[in-house]
Amino acid sequence: MRRIALLWLFLTSSLIFGAAHELLVRSFEKNTIELSLRPIYTIGEQPKAYLFTQTGHRLAKLTKENSFTFDVSSTDWIIVEGFGKSSLGYPMCGVRPTLLKLSSYRQDPQVFFFTDPEKQLLYIGVRLPKDWKFLSCDFQNLSFGRFSFNGLLYLYTPDKPKDGIHTLKLTFELPYGLRKTMSLDVFVFHGLVNSLRGSTAPMRVEPVAPYTHVVKPGETLWSIANMYGLTVPDLELANGIPDGNRIVSGTVLKLAKVYFDSSLTSIVINTATGRLALYYNGVLVRVFPVAVGRSDMTPPGTYWIMKKEVDPALYWFGEYIPPRSPINGLGTRFFQLSNPTYGIHGTTKPWEIGKRISHGCIRMFNQDIETIDAFVDVGTKVLVIRNAEEFPIKWNF
């Protein structure tokens with residue numbers, strides 16, 4: 001009750017008597033906020049700042065001139081209390097705004113890319129958090145127009161970006177003076193733009209009985225996945241696990257099967273011609289040579305890229321073969337397909353590309369799969385076909 005009474009006191013005092021200080025937010029990183037107070041009176045003594053939060057009062061971790069750094073973990077809002085003295089010696093108190101919600105500072109914009117090859121337009125879509133304002137876009141010195149549609153901000157340019165890895169910088173204004181610049185690494189391939197190494201395509205997660213599993217000592221994601229007819233990527237994606245090799249006993253895992261919706265990137269592999277085609281929005285981008293399974297060991301069908309690995313280790317009949325080893329045939333990249341028997345990977349034997357030689361996986365030159373890895377999304381559809389025809393320029397996926 002005392003805490004509620006104090007909260008009411010600070011809110012009503014600012015409304016009735018006004019506030020002697022204006023609040024500015026200088027920075028926000030994780031659970032640390034840096035504030036400053038701008039007095040609206042002639043200063044006699046530098047103001048001091050304190051916070052009232054869901055868990056009580058907090059003192060500044062660091063004070064420097066008119067800058068106050070606070071730990072704001074475990075609270076959704078803060079009330080800033082400011083006290084100072086005027087040049088005439090009168091005590092001055094009150095801060096505007098009195099109540100500051102932290103939800104706006106804890107969010108990040110959602111950014112996606114789309115290139116329209118026919119209209120030769122690059123679009124950058126941005127979903128802004130509440131109370132954020134867009135200020136500027138810096139990308140290869142290109143000029144962007146903008147428009148809003150269905151709650152999204154779209155930036156667009158007819159200028160063709162240069163291929164390679166580049167940095168996109170977006171600058172925003174947050175409530176009470178804070179400016180934030182968001183930097184994203186992007187990969188441009190044949191004028192088409194995507195986040196570097198892609199993103200994760202929209203996915204559908206279907207729970208599987210008994211729905212949860214408590215990790216026991218000695219268990220791995222691989223053993224748990226086999227127990228329930230799942231794959232390691234299913235468990236990683238459903239539980240947001242970045243590294244499946246590190247799970248802790250006692251962890252409660254959701255058991256679920258992951259299915260992907262459409263992605264702008266698609267791959268078609270023709271085992272008859274030993275070629276792999278990369279498509280973007282149904283338009284052919286480039287064709288690469290591959291090695292395929294001997295006889296009919298790479299079955300035609302529809303798959304999805306469930307996981308992408310850089311410098312993968314090879315586990316062969318219980319033996320661990322480290323990344324980049326000459327006898328590690330996976331090369332520099334590995335894409336796990338939705339059927340865990342098969343994958344797309346690089347090779348330490350480039351002279352075998354173009355042959356029918358694998359046990360069912362698709363092998364590529366390392367430099368080729370590194371290019372694809374930099375561009376495609378997790379969730380990219382992979383079609384395996386077998387015919388003597390050339391890849392069409394357009395494919396309706």
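How many salt bridges does a search of the whole structure find? The search finds 13, counting a side-chain nitrogen of Lys or Arg within 4 Å of a carboxyl oxygen of Asp or Glu. Side chains of opposite charge can pair when their charged atoms come close. Take E22 and R96 as one pair to look at: their closest N and O atoms are 3.1 Å apart. E22 sits in strand 1 (residues 21-29) and R96 in strand 9 (residues 95-96), so this salt bridge ties together parts that are 74 residues apart in sequence.

Before going further, a word on the model. It is predicted, so local features need pLDDT of at least 70 and side-chain atom pairs count only at pLDDT 80 or more, while totals for chains, interfaces and linings use all residues. Residues are numbered from 1 along each chain as its sequence is written, and side-chain values use heavy atoms, with hydrogens and water left out.

Now step back to the whole chain. It has five helices and 32 strands; these are DSSP runs numbered from the N terminus, with helices (H or I) of at least four residues and strands (E) of at least two. Along the principal axes, the C-alpha atoms fill a box of roughly 90 × 55 × 35 Å. The radius of gyration is 28 Å, whereas a compact globule of 397 residues would have one near 21 Å; the value is taken over C-alpha atoms, and the globule rule is 2.2 Å times the number of residues to the power 0.38.

Next, look for empty space. On a 1 Å grid over the protein atoms alone, a cavity is a set of points where a 1.4 Å probe fits but cannot get out, and a pocket is an open set with protein on both sides within 12 Å along at least five of seven lines; lining residues have an atom within 4 Å of a point. Grid points are joined across faces, edges and corners, and a volume is the space filled by probe spheres set on the points.

The structure holds one cavity of 30 Å³ or more. The largest cavity has a volume of about 40 Å³, and the residues lining it include I269, Y303, L337 and V384.

The second largest pocket offers about 340 Å³ of space. Strand 11 (110-116) and strand 18 (192-195) are the elements that give two or more residues to its lining. Of the 16 lining residues, F112, F113, S199, L264 and D377 lie nearest the centre of this pocket.
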